[in-house]
Amino acid sequence: MKHSILLFIVFLILTSCSTSSIEQEGFSEQDIASIKDFFKTHDEFVLSADWSSQALQYTEDAIRFPPGGDPVEGRKNIEEGFGVIDRYTNFKADLFEIDGQGDLAYVMAKFSAKFILVGSPDEYDMSGISMAILKRDVNDKWHLHRVIWN
C-alpha cells in the first residue's frame, strides 16, 4: 500500500510539473519578428491610403471596436469604414507588447495619427493605446481578428 501511495505521489508531482510543448516554447523570436513585419506593412498601407490592401490584413470575420462607436463587423464593412478617411498625414505606432500562443497573438501599441476626412479641409489628431488580436492562417500569415483602441 505504501508503495502504491508513493508511486501515486510521484506521478502527481511529475504530471503537475510537465506542460505542453506549446506552453514551454511560448512565442518564438521568429513569431515576434513576423508580427513586427506585419505591422510595418500595415503602417505603410495606412500612410498610402491603400484601404483595399489594408482590409486584406483582416480576417473575414474581423471586428473593430472604435471608441464610442458600434462595432464594425466583417472585412467588407471594415474596408468601407476606411473610405471616410481621405489620407493620413502622420501615423506612428510603437508596439510595446507582443505575445501569444500557437496561431493567436495579441499586440499592444501606443499610437498617434493625423488624418483628413473625405470632403474636409481639417486635419484631425488622434492618439491612444490599441490592442489587437491576430490569427495566423494556414499559410503562416497573420491577420487582424479583433482591434480596439481609445
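Start with the sheet: colour its 6 strands and you'll see an open sheet in the order E2-E1-E6-E5-E4-E3, with mixed pairing. At the edges sit strand E2 (72-73) and strand E3 (85-101), each of which pairs on one side only. Keep in mind throughout that this is a predicted model.

**Zoom out for a moment**

Show the whole protein as a cartoon. The count is 5 helices and 6 strands, and from the N terminus the elements go α-α-α-α-β-β-α-β-β-β-β. Switch on a surface: the accessible area is about 9700 Å², with 57% of that belonging to carbon and sulfur atoms. Of the 150 residues, 31% are buried. If you like contact maps, take the contacts between residues at least 6 apart in sequence: 51% of them join residues at least 24 apart.

**Stop 1: the E2-E1 end of the sheet**

Select strand E1 (residues 58-65) together with E2. These two pair in the antiparallel sense over 2 bridges, and you can pick out Ile63 standing opposite Glu73 in E2. E1 and E2 also form a hairpin, with 6 residues between them. Click on Gly68 in that turn and check its backbone: phi is positive, about 70 degrees.

Now add strand E6 (residues 142-149), which runs parallel to E1 and is joined to it by 4 bridges. For one pair to label, choose Phe65, whose bridge partner in E6 is Ile148. As a reminder of what holds such an arrangement together, strands of a sheet pair through backbone hydrogen bonds, either parallel or antiparallel.

**Stop 2: Thr59**

Stay on E1 and show Thr59 as sticks; this residue lies in that strand. Is Thr59 buried or exposed? It counts as buried, because its relative accessibility is 11% and the cut-off for buried is under 20%.

Next, look at the polar atoms. The side chains of Thr59 and Asp61 are joined by a polar contact of 3.2 Å. A polar atom of the Thr59 side chain also lies 3.1 Å from the backbone nitrogen of Ala62. To see what else surrounds Thr59, leave out neighbours within four places in sequence and select its contacts: Arg75, Lys135, His143, Leu144 and His145.

**Stop 3: E3, E4 and Ala109**

Move over to E3 and E4, an antiparallel pair joined by 14 bridges. Label Lys92 and look across to Ser112 in E4, which stands opposite.

Then select Ala109, also in strand E4. With 5% relative accessibility, Ala109 counts as buried. Which residues does Ala109 touch once neighbours within four places in sequence are set aside? You should find Asp94, Leu95, Phe96, Gly128, Ile129 and Ser130. For a quick distance check, draw a line from the C-alpha of Ala109 to that of Ala132: the two are 23 residues apart in sequence and 8.6 Å apart in space.

**Stop 4: a nonpolar patch**

Finish on the surface. Select Leu104, Met131, Ile133 and Ile148, which form a nonpolar patch there. Together they offer about 310 Å² of accessible area. Two of these names link back to strands you've already visited. Leu104 lies in strand E4 (residues 104-117), and Ile148 is the E6 residue you labelled as the bridge partner of Phe65. Why is Leu104 classed as partly exposed? Because its relative accessibility is 45%, and partly exposed covers the range between the 20% limit for buried and the 50% limit for exposed.

How values were computed:
Residues are numbered from 1 along each chain as its sequence is written. This is a predicted model: local features need pLDDT of at least 70, side-chain atom pairs count only at pLDDT 80 or more; totals for chains, interfaces and linings use all residues. Side-chain values use heavy atoms; hydrogens and water are left out. Buried means under 20% relative accessible area, exposed over 50%, partly exposed in between (1.4 Å probe, protein chains only). Contact means heavy atoms within 4.5 Å. Accessible areas come from the Shrake-Rupley method with a 1.4 Å probe; for residues, only the protein chains shown count as cover. Patches are made of residues with over 30% relative accessible area and no salt bridge: like charges are joined within 9 Å, nonpolar side chains (Val, Leu, Ile, Met, Phe, Trp, Tyr) within 5 Å. A salt bridge is a side-chain nitrogen of Lys or Arg within 4 Å of a carboxyl oxygen of Asp or Glu. A polar contact is a pair of N or O atoms within 3.5 Å; within protein, one must be able to donate a hydrogen and the other to accept it, and residues adjacent in sequence count only if both atoms are side-chain atoms. Two strands pair if DSSP finds at least two bridges between them.
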